[in-house]
Amino acid sequence: MARIAGVDLPNKATKIALTYIYGIGRTSAVEICEKTGVDPDANVNTLSADTLAELRKVIENDYVVEGRLRTQVNLNIKRLMDIGCYRGLRHRKGLPVRGQRTKTNARTRKGKKKTIAGKKK
């Protein structure tokens with residue numbers, strides 16, 4: 001099993017297996033294959049150690065992935081919360097950030113329903 005950027009890649013086509021790395025999508029995976037001259041449809045287990053090393057080198061030098069990317073994203077969110085902008089406040093309250101409605105839906109961000117007792121007569 002090939003290991004790139006701390007992730008064990010499954011035995012699938014290279015363009016698919018590379019997407020298991022956080023920060024690499026389908027387009028980036030195909031670009032990486034073109035840069036290294038690897039067949040995007042070749043299974044990962046059929047690649048030689050040299051081509052894997054080349055893939056590793058390209059990803060390491062040209063792309064921000066895994067831990068560094070997660071840190072960067074979290075710092076960006078923290079910055080929004082610190083400056084107190086609207087998006088930062090929405091992150092802080094755990095509500096949808098990108099303009100979605102909250103009267104209905106939004107359960108993923110808001111969490112489980114909190115039932116409020118009805119008014120007694």
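**Entry 1: Y63**

I looked up Y63 and found that this residue is buried, because its relative accessible area is 12%, under the 20% cut-off. I note that the model is predicted.

I then located Y63 in the chain: the residue sits in the loop that joins α3 (49–62) to α4 (66–83).

I asked which residues Y63 contacts once its neighbours within four places in sequence are set aside. I recorded S28, E31, I32, K35, V58 and R68.

I also checked a C-alpha separation. Y63 and I24 lie 39 residues apart along the chain, and their C-alpha atoms are separated by 8.3 Å.

**Entry 2: α4**

I turned to the helix that follows this loop, α4 (66–83). I noted 18 residues in α4 and a reach of 26 Å from the first C-alpha to the last, close to the 26 Å expected at 1.5 Å a residue.

I asked where the buried residues of α4 lie around its axis. I listed these residues as E66, L69 and L80. They cover an arc of only 85° around the axis and are therefore on the same side of α4.

I next examined what this buried set packs against, and I recorded β2 (7–8) and α5 (86–93).

I found R68, L75, D82 and I83 exposed on the other side of α4. R68 had already appeared in my list of contacts of Y63.

**Entry 3: after the helix**

I looked at the residue following α4 and found G84, with a positive phi near 75°.

Conventions. Residues are numbered from 1 along each chain as its sequence is written. This is a predicted model: local features need pLDDT of at least 70, side-chain atom pairs count only at pLDDT 80 or more; totals for chains, interfaces and linings use all residues. Side-chain values use heavy atoms; hydrogens and water are left out. Helices (H or I, at least four residues) and strands (E, at least two) are DSSP runs, numbered from the N terminus. Buried means under 20% relative accessible area, exposed over 50%, partly exposed in between (1.4 Å probe, protein chains only). Contact means heavy atoms within 4.5 Å. The expected span of a helix is 1.5 Å times one less than its number of residues. The arc is that of the directions from the helix axis to the C-beta atoms.
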